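Here are my notes on the structure you sent, set out as numbered points. They begin with a strand pairing and work outwards from there.

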Amino acid sequence: MFRLARYSFRLAPVGTVLSLLSAVVTAALTVAIPLLLGQAIGGLPRAVADGPGTRFVGVVVALLVAMLLSNALSQVGQAIWEAVGSTMEKDAAVRIGAALSTDPDLQTIDDPDVAARVEKLRTRSWEIQMGSRMMVSFAPQSILSLLGSVVALAINFHWWVALLMLATAIGSAERIRRTIVAQFDVWVGGTEPQKHADYAFKQAMGASAKEVRIFGLSRFLRQRYWDRTTEAFAPYWKVRSRQSVTNLGVFGGRVAVTAAAAGYAGWEASQGRLGLTALATALPLILTVGDTDVWSIAQMQRGHLALTWLEELSPPDRARLVVREPEPSPAAVVAGTERRRPPTIVFDDVGFRYPHADREILSGLDLELGAGTATALVGVNGAGKSTLVKLLAAGYLPTRGRITVDGVDLATLDRDERIAWQRRMAPVTQDFIRLPLPAGDNVELGTGLPWAGGIDLDPWPDTTDLDRLAARAGISDLVGRLSAGWATPLDKTLPGGTDLSGGEWQRIGLARALRAVDQGADLLVLDEPAAALDVESESRLVDGYLELARHVTSLVISHRFSVVRPVPRICVLEHGRIVEQGSHEELMQSDGPGRYRTMFTLQASRYVEAAQDVAEVSR
Ligand SMILES: Nc1ncnc2c1ncn2[C@@H]1O[C@H](COP(=O)(O)OP(=O)(O)OP(=O)(O)O)[C@@H](O)[C@H]1O
């Protein structure tokens, strides 16, 4: 448990030391106050009879100062802990973020075990704060004041009463510890019903706001949330009711022992065996010992567990990496100042199976993406096209065969080299990033660096370069329509912000990729770049892509044959391998399996039918 104190000291040394000091002083005051109170009450009859002497006044003043100081320290301790706690909260969030976003390996985000651990940490990282607070504040304070009061009671009253009360306090503390631990395990255990309840809650709270209204799912989701939560908490209530009988007995016993000790002190006083000072000292000490809770041990245990999860997910050295993270490397830095030859990528008999999956997605796949050439990839849903991109990015390594870049096997790259390889890519993926930042930043982040060395700049910097880029990317009209141009935040919840349509976002994503290529990225990957584009934008995209692709190695994946058709080499992915390749004309005339021809004809015939319908209607 001292790890909690070490963690707290590492993050906030001053706050931690102050907190410990304040705990020790508060504990000393908790013992001192009953002693002073005893002296004050014991001296009262004499002070009334003969007038208050210096000693009596000194005791009363000391008592008042002690009480005020104790009160003030509890306020100061609270403030210190708010500051330390917020540092811990930030540390946990940043470390979870680091674990999920700095590793070039995609398995970290796809792995259900990691996802479960992250979710558990997200909901329970506050326990680290709570446990640390107990460790360097409440626990030393309550343990020291308990022990101090027991010693004072032994000296001023009877040692056996003090020991009996200490034993009762320890017994009840252990009982509370067990109760809290057992209840929390059920309460925040991340059980299946809890996951379902959370999911229903998120959907109902806006994750799918439009569908929820249109399909009238609100009642269903709310009912589901209610039922699953009830189901999730059933074991919790079972544990609670089972424990409450025992707990009642333990706490009742503690109250009885405290009352008996106080009663015994009163009886001794009535028999003349205990003077007024001793009685007035013993009674508050008895109440302090009877009332001191050492439940913080359970919280420390919980905090220690949550800290262990955090360290496992994201070791402290990685957290330091976040805090002192080097400047992100833009593609230009990785690629060197001179533009080198774009990469040649070879998939050599590649097989791939996702971890925990029971089938291969790719199997015996051979494919070459020649330096500075454009390749298109087509295939039905689930054929493995996006998976191939993940392998190309070294987000996953093949389970069989190898992928080489200019002859270097991606599997031999170390972490930094994999990151550097990823920086050479300019991707437009199906779930591309949409940042609640100004339009300019959303494009400029393609450099790998925030725009002009910072984001959310005010006043907005010179946009000449961006305007030129917009013209090439075909988004000048889009930017022109935004109320504050490039400075318009792309989030309607921000002041002056707006939201974009799916297609508009996609065009911003394409401009970002273009920006990355300008900065030195030399592998362009477009995964369904036209899914949300209108016909005009799509045609602009294709022209722009072919122009751009002349300087880089590129791969475009699309279900739209109008996008694929002009690309010089088209590959058909089926059953985990490339079953056909060639230009559009070659594939249409080939004697091979004719998969491309079949798919193309099927899609084209729909357009022909539609065109005929339009023609008939207009006649
Ligand atoms: N992280 C994952 N773990 C396990 N299986 C996965 C994972 N991601 C994808 N798959 C499976 O791999 C197969 C191929 O998926 P992939 O996304 O590569 O297909 P695709 O060809 O890009 O499909 P689409 O045209 O629909 O985008 C699918 O059956 C999918 O269920």
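1. In this predicted model, Cys571 has Gln581 as its bridge partner in strand S10, and the two strands concerned, S9 and S10, pair in the antiparallel sense over five bridges. The hairpin of S9 and S10 has two residues between the strands, and His575 in this hairpin takes a positive phi near 50 degrees, a backbone value to keep in view when reading the turn.

2. Cys571 also stands opposite Leu377, and this second pairing belongs to the junction of strand S3 (residues 374-378) with strand S9 (residues 569-574), where four bridges join strands that run parallel. In the register of that junction, Thr375 stands opposite Arg569 in S9.

3. Both junctions are part of an open sheet of six strands, ordered S6-S7-S8-S3-S9-S10, in which the pairing is mixed. Strand S6 (425-428) and strand S10 (577-582) stand at the edges with a single partner strand each, so one side of each is left without a neighbour in the sheet. Direction ignored, neighbouring strands of this sheet are turned by 20 degrees against each other on average.

4. Which residues surround the ligand? The shell consists of Asp110, Tyr354, Ala357, Ile361, Gly379, Asn381, Gly382, Ala383, Gly384, Lys385, Ser386 and Thr387, and helix H15 (residues 385-392) gives the most to it, with three residues. By class, the shell around the ligand has four nonpolar, six polar and two charged residues.

5. The domain assignment divides the protein chain into domain 1 (2-323), domain 2 (343-424 + 522-619) and domain 3 (438-521). The centres of domain 1 and domain 2, taken over C-alpha atoms, are separated by 58 Å, and five residues of domain 1 are in contact with nine residues of domain 2. On the side of domain 1 that touches domain 2 there are, by class, two nonpolar, one polar and two charged residues.

6. The unreviewed UniProt entry places the feature "transmembrane region" at residues 12-36, 56-73 and 143-170. For residues 12-36, the model gives a span that is 96% helix and 0% strand, with its end C-alpha atoms 35 Å apart. For residues 143-170, the span is 93% helix and 0% strand, while its end C-alpha atoms lie 10 Å apart; the end distances of these two annotated spans, 35 Å and 10 Å, deserve to be read side by side.

Definitions and conventions
Residues numbered from 1 in each chain as written. Predicted model: local features only at pLDDT ≥ 70, side-chain atom pairs only at ≥ 80, totals over all residues. UniProt positions renumbered as here; feature names shortened; annotations may be inferred. Pairing = 2+ DSSP bridges. Axes fitted to C-alpha atoms, helices over the stretch in contact; angles between N-to-C directions. Near = placed C-beta within 6 Å. Nonpolar A, V, L, I, M, F, W, Y, C, P; charged D, E, K, R; others polar. Domains from an automatic or database assignment. Contact = placed C-beta atoms within 7 Å.
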